[in-house]
Amino acid sequence: MNATGLLEVTAVHRPTPRTVRVTFTGEGLGELPAWPDQQLKLLVPPPGRPVRLPAAGGDVLRWYQAYLEIPEAERPVMRSYTVRDRGRDTIDVEFVLHPGAVGPATEWARSAAPGQVLGRYGPDEAYRRPVPTADTVLLAGDETALPAIATLLSEVDNALVFVEVADAAEEQALPNVRWVHRDGAEHGAKLVESVREAVWPQGQVAAWLAGEASTVRALRRHLVGRGIDKSAIEFTGYWRRKLTQDDAPTPDDLADAREKLG
Ligand SMILES: Cc1cc2nc3c(=O)[nH]c(=O)nc-3n(C[C@H](O)[C@H](O)[C@H](O)COP(=O)(O)OP(=O)(O)OC[C@H]3O[C@@H](n4cnc5c(N)ncnc54)[C@H](O)[C@@H]3O)c2cc1C
């Protein structure tokens with residue numbers, strides 16, 4: 001399947017007050033193999049302009065070089081998202097409408113409507129990660145991780161799941177999720193507290209963590225302190241406080257990247 005192409009909006013729903021679920025159709029989506037936690041880059045055009053895709057296909061490095069060669073005024077913004085669900089030749093993506101500073105992807109989602117067109121890179125099987133396996137699989141994240149957790153839950157039947165959301169209105173119909181309501185507390189604080197207090201059965205534990213980067217770091221540190229092997233913890237900082245996805249990596253981000261490689 002072609003890893004890049006256009007996506008056209010066919011439907012928009014609001015499953016919760018702060019979530020916009022967008023159904024896209026596009027060439028090649030019907031051939032996409034199925035696996036959980038499919039990530040893709042969405043290309044959001046500057047307001048009022050059509051989306052311009054990089055000219056080069058081929059490997060991801062050549063594609064990215066061609067992306068950078070698009071003149072800045074026309075270059076789409078690139079943001080990471082997750083396939084929440086699949087139809088025969090459609091994908092659904094859920095955008096969190098986060099409060100405070102708003103970025104271009106969230107701004108786009110706020111007024112998404114049928115007929116609008118974005119670009120995509122991925123989902124690419126080269127970036128497929130193994131589904132964690134162990135006696136207990138701990139899945140923890142914030143609302144941005146909910147689409148990935150929902151798809152992982154279709155493959156993991158021994159999961160202990162914590163998802164932090166703004167409040168009770170943000171809960172979705174998913175089995176066995178322990179919902180953590182922020183209710184105005186600092187982002188991530190209650191998620192870390194809930195995982196700290198969690199008790200799991202004897203046996204091997206594997207973990208999958210995603211969401212705000214410093215929360216993910218705190219969770220990982222805690223789990224390593226509780227004796228879970230580092231190699232059994234999949235972790236990804238999905239977004240960073242006060243930083244956009246275009247901003248340069250911080251020393252903590254670089255340390256995370258080294259840990260993942262090592
Ligand atoms: C692999 C991967 C998969 C992801 N999947 C999803 C998904 O399915 N759905 C989803 O909604 N997000 C997902 N994300 C997170 C999403 O990419 C980021 O939230 C992204 O920053 C949104 O882009 P933006 O243009 O709105 O904001 P940016 O321009 O990147 O940032 C603007 C400002 O918004 C703040 N900000 C960004 N995200 C949040 C947030 N969630 N809460 C509070 N403040 C925030 C930033 O700190 C910054 O100050 C995923 C990220 C990764 C890496």
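Which domains does the domain assignment of the chain give? The assignment gives domain 1 (4-125) and domain 2 (136-261); such bounds come from an automatic or database domain assignment. The structure is a predicted model, in which local features need pLDDT of at least 70 and side-chain atom pairs count only at pLDDT 80 or more, while totals for chains, interfaces and linings use all residues. Residues are numbered from 1 along each chain as its sequence is written.

## The two domains and their contact

The C-alpha centres of domain 1 and domain 2 lie 23 Å apart. Their contact takes 13 residues from domain 1 and 15 residues from domain 2, where two residues are in contact if their C-beta atoms, placed from the backbone, lie within 7 Å. On the side of domain 1 that touches domain 2, the elements giving two or more residues are β1 (4-16), β4 (77-86) and β5 (90-96). Helices (H or I, at least four residues) and strands (E, at least two) are DSSP runs, numbered from the N terminus. The most is given by β4, with four residues. By class, this side of domain 1 divides into four nonpolar, four polar and five charged residues. Ala, Val, Leu, Ile, Met, Phe, Trp, Tyr, Cys and Pro count as nonpolar, Asp, Glu, Lys and Arg as charged, and the others, Gly among them, as polar.

## The surroundings of the ligand

The ligand is surrounded by 26 residues, and the closest are Ser 80, His 98, Gly 103, Thr 106 and Thr 244. A residue is near a molecule if its C-beta atom, placed from the backbone, lies within 6 Å of it. Each of domain 1 (4-125) and domain 2 (136-261) contributes at least three residues to this shell. At least two residues come from each of β4, β5, α2 (104-110) and β11, and the largest share, four residues, comes from β4. The shell has ten nonpolar, eleven polar and five charged residues.

## Nonpolar cores

A nonpolar core is a set of buried Ala, Val, Leu, Ile, Met, Phe, Trp, Tyr and Cys residues joined through C-beta atoms within 7 Å. A residue is buried if 20 or more other C-beta atoms lie within 10 Å of its own, exposed if 12 or fewer, and partly exposed in between, with C-beta atoms placed from the backbone. In soluble globular proteins, nonpolar side chains tend to be buried together.

The largest nonpolar core has 36 residues, of which Leu 139, Ala 140, Ile 149, Val 163, Ala 207 and Leu 209 touch the most other members. Among the elements that give two or more residues to this core are β7, α3 (146-153), β8 (159-165) and β9 (177-181). Strand β10 gives the most to this core, with six residues. Leaving aside neighbours within four places in sequence, Leu 139 is in contact with Ile 149, Leu 152, Ala 159, Val 161 and Trp 208. A second, separate core of 21 residues includes Val 83, Val 93, Phe 95 and Tyr 121.

Leu 138 lies in strand β7 and counts as buried because it has 23 C-beta neighbours inside 10 Å. Leu 138 and Leu 160 are 22 residues apart in sequence, yet 4.8 Å apart in space, C-alpha to C-alpha. Not counting residues up to four places away in sequence, Leu 138 touches Leu 160, Val 205 and Ala 207.

## Helix α5

Helix α5 (residues 213-225) has 13 residues and reaches 18 Å from its first C-alpha to its last, close to the 18 Å expected at 1.5 Å a residue. The expected span is 1.5 Å times one less than the number of residues in the helix. Its buried residues are Ala 213, Thr 215, Val 216, Arg 217, Leu 219, Arg 220 and Leu 223. What covers them includes β7 (136-142), α4 (189-197), β10 (205-212), β11 (233-239) and α6 (251-261).

## Backbone details

The table lists residues with a positive phi.

| Residue | Phi | Place |
|---|---|---|
| Asp 37 | near 60° | loop between β2 (19-25) and β3 (39-44) |
| Asn 176 | about 65° | loop between β8 and β9 |
| Gly 227 | near 95° | follows α5 |

Asp 37 is buried, with 24 other C-beta atoms within 10 Å, whereas Asn 176 counts as exposed, with 12 C-beta neighbours inside 10 Å. A cis peptide bond joins Gly 122 and Pro 123, with omega about -5°. Pro 123 lies in the loop between β6 (117-121) and β7.
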